[in-house]
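Visitor: I am new to this structure and should be grateful for a guided reading of it.

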There are 2 protein chains.
Amino acid sequence: MGRLEIRPEEHAALVDGRPLSLTVRELQLLVTLSAHPQRIMTREELFAEVWGRQPRSDDRSVDVYVSRLRAKLGEALPGTPVIHTHNGIGYRFSPEG
Amino acid sequence: MGRLEIRPEEHAALVDGRPLSLTVRELQLLVTLSAHPQRIMTREELFAEVWGRQPRSDDRSVDVYVSRLRAKLGEALPGTPVIHTHNGIGYRFSPEG
DNA sequence: GATCTTGTGAACGACCTGTAAAAGCCGGGA
DNA sequence: TCCCGGCTTTTACAGGTCGTTCACAAGATC
């Protein structure tokens, strides 16, 4: 999708062909989000898909990883927000707005 | 319905495929109104469905949210009023007049 | 134009999110 | 075994957004 390329089977995410250095969790989260572009995913859905279990009631792991992903994506793609917050619901992956 | 698409299960409302950025309450209200097109819904009905309880006697929340919804819809669909006021009764959803 | 109804900006508390930092976990190497 | 380094998870707090109510403006009705 545009300059961002995600290859789950190769455990890699590329920007302009250059690989991002993501940890396993970061990549899992990015893969999961990008598998449903434009769709708002709740924290519960993300947690279930990435962590494979239910989150604790006050679990903030998803938020922390979204923050880390944004930091790395923002460095590689300045000015092109990729992960959008939907207050009270969750996050949405959208490479162009 | 026309250019406006409402997808409650995805927490989304789209105009020409572009998502409106609505808060949870705004979306709930839009979903409820649009679930009964052309039908005038009283404030009590709307309040019961969206808030899940009875309004205080002088509660204006519905009006405030209708106003906010109209603002956002009006920006995305200029010149196409969607929510109509029926004085002394309530509101009616109608995408084309 | 008097009165009742609706529209809407503003304010404030409650709740939600962003993010740095601490704490926990685990494997590899000395 | 013990230490070290990287990754994950949890915590803490700052900052932002939303929901609610109020106050007044604007509109409707008679």
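**Questions on a predicted model**

Visitor: In which part of chain A is A:Arg39 found?
Guide: The model before us is predicted. Two elements of chain A, α1 (24-34) and β4 (40-42), flank A:Arg39. The residue is found in the loop between α1 and β4.

Visitor: Is A:Arg39 buried or partly exposed?
Guide: A residue counts as buried with 20 or more other C-beta atoms within 10 Å of its own, and as exposed with 12 or fewer. A:Arg39 has 18 C-beta neighbours inside 10 Å, and therefore counts as partly exposed.

Visitor: With which residues is A:Arg39 in contact, leaving aside its neighbours within four places in sequence?
Guide: One partner belongs to chain A and the other to chain B. With those sequence neighbours set aside, the partners are A:Arg92 and B:Glu10.

Visitor: How are α1(A) and α3(A) oriented to each other?
Guide: Their axes lie 10 Å apart, and the helices pack at an angle of about 90 degrees. The contact involves A:Arg25, A:Glu26, A:Leu29 and A:Leu30 of α1(A), with A:Tyr65, A:Arg68 and A:Leu69 of α3(A). Angles of 65 to 115 degrees count as roughly perpendicular. The two helices are therefore roughly perpendicular.

Visitor: Which residues come nearest to DNA strand D?
Guide: The surface near DNA strand D draws at least two residues from each of α1 and α3 of chain A and α1 and α3 of chain B. By class, the residues of this surface are four nonpolar, six polar and 10 charged. Of the 20 residues around the strand, the nearest are A:Thr23, A:Val24, A:Arg25, B:Thr23 and B:Arg25.

Note on methods: Residues numbered from 1 in each chain as written. Chains lettered and ligands numbered in written order. Predicted model: local features only at pLDDT ≥ 70, side-chain atom pairs only at ≥ 80, totals over all residues. Helix = DSSP H or I, 4+ residues; strand = E, 2+ residues; numbered from the N terminus. Contact = placed C-beta atoms within 7 Å. Near = placed C-beta within 6 Å. Nonpolar A, V, L, I, M, F, W, Y, C, P; charged D, E, K, R; others polar. Axes fitted to C-alpha atoms, helices over the stretch in contact; angles between N-to-C directions. Parallel < 35°, antiparallel > 145°, perpendicular 65-115°, else oblique.
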